[in-house]
Amino acid sequence: MTLYQYISEEILKKSWEPILRSFVTSNKLKQLLSLQPIGIYENDFPLDFEGSIVNVEVKSYVENIIEKRLSNPFQIFDFFKWGTRPLLSYKFQVFAVARMDFVNAAKYLTQNFANIEYDLEDGKYKFTIHKIALGYEDKKLWVDLEISGTAKWWKITKIVKGKLRISGNLKYLVDKKTAITQDLDYKILESDFIILQIDKRHHAEFRKLLIDFLRVNVREELFNARIAAQEEINKAQNDPSFIVNGALHDLEIERLYANEKGIRATLVANGRLHLNR
């Protein structure tokens, strides 16, 4: 399971039962006639993914009757006719901001990307990441990598060891469901003369390889997270005291970015709540 999928699933799993319970116990039904979306749930909690902590803030809203433009808004209180008409259905949204500081981000990246041999250009360049550090400077995210490996240059195979700094801005392409690093570039902080000469000659090629390597499509992860979350939602809705049930229609990452406090992702889930009593 990827970090994207884990965060998405856990947000919905942990939020759904409190959302339903809040909707019933907080007298929210009366607010359906208001002119504003109803805030029915708000919470924050930590998530532990393979030893890395992600802090999450969640808020959920349900549309009101005015937004629904019902022909007869007072039908919600016509309890005797509920069984003779289709279930009343209301749009809901769950908004979540997931935050990971740079210490935990380094733990996550080290756990998943360090001590693995990578190769570029069909094995011409091979490298292993040993240590990862992150930070934010001049409005850009930077990642320092301590690496070792081999580079084939003409007939020479050179064992290399050095430190590389990659910098850029995180961005999420909603239409392509893909996370990218924008304005990416890198510089070699520590290495020997031969590697510096190779980089001088092939910097643009290496930069493109890094851009492609750091391009991550999360379409499948979001789909799997929505399915798994709906299964958990269905379990929570077995409680006979709930007079509403719900279904997820879509799950999306709206924004992904870094600032001086760490890396943040904004997620939103859309669906419908049905009054079923």
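Q: pLDDT is the predictor's confidence in each residue, from 0 to 100. What does the chain average here?

A: This is a predicted model, with residues numbered from 1 along each chain as its sequence is written. Local features need pLDDT of at least 70, side-chain atom pairs need 80 or more, totals for chains, interfaces and linings use all residues, and side-chain values use heavy atoms, without hydrogens or water. The chain averages a pLDDT of 81, and 82% of the residues score at least 70.

Q: Where does pLDDT stay under 50?

A: Where pLDDT is low, the predicted coordinates should not be read in detail. Here that applies to residues 69–87, where pLDDT stays under 50. The model gives this stretch 21 contacts (heavy atoms within 4.5 Å) beyond four places in sequence.

Q: In what order do the strands of the open sheet run?

A: Strands (E, at least two residues) and helices (H or I, at least four) are DSSP runs, numbered from the N terminus. Two strands pair if DSSP finds at least two bridges between them. Here 6 strands form the open sheet, in the order β4-β5-β6-β7-β8-β9, with antiparallel pairing. The edges are β4 (117–120) and β9 (216–217), each paired on one side only. Inside the order, β7 (156–173) and β8 (178–190) share 10 bridges. Lys171 stands opposite Ile180 of β8.

Q: Which strands does helix α4 touch?

A: Helix α4 (193–213) packs on the sheet and touches β4, β5 (125–137), β6 (140–153), β7 and β8. Its direction makes about 165° with that of β8. Such angles run from 0 to 180 degrees between N-to-C directions of lines fitted to C-alpha atoms, for helices over the stretch in contact.

Q: How many cavities of 30 Å³ or more does the search find?

A: Rolling a probe the size of a water molecule over the atoms shows where empty space is left. On a 1 Å grid over the protein atoms alone, a 1.4 Å probe fits in a cavity but cannot get out. The search finds 1. The largest cavity has a volume (space filled by probe spheres set on grid points joined across faces, edges and corners) of about 50 Å³. Its lining residues (an atom within 4 Å of a point) include Ser8, Phe95 and Leu267. Elements α1 (3–25), β3 (88–100) and β11 (262–275) each give two or more residues.

Q: Which strand gives the most to the lining of the second largest pocket?

A: A pocket is an open set of points with protein on both sides within 12 Å along at least five of seven lines. The second largest holds about 160 Å³. Strand β8 gives the most to its lining, with 3 residues. Arg165 and Asp185 are among the lining residues.
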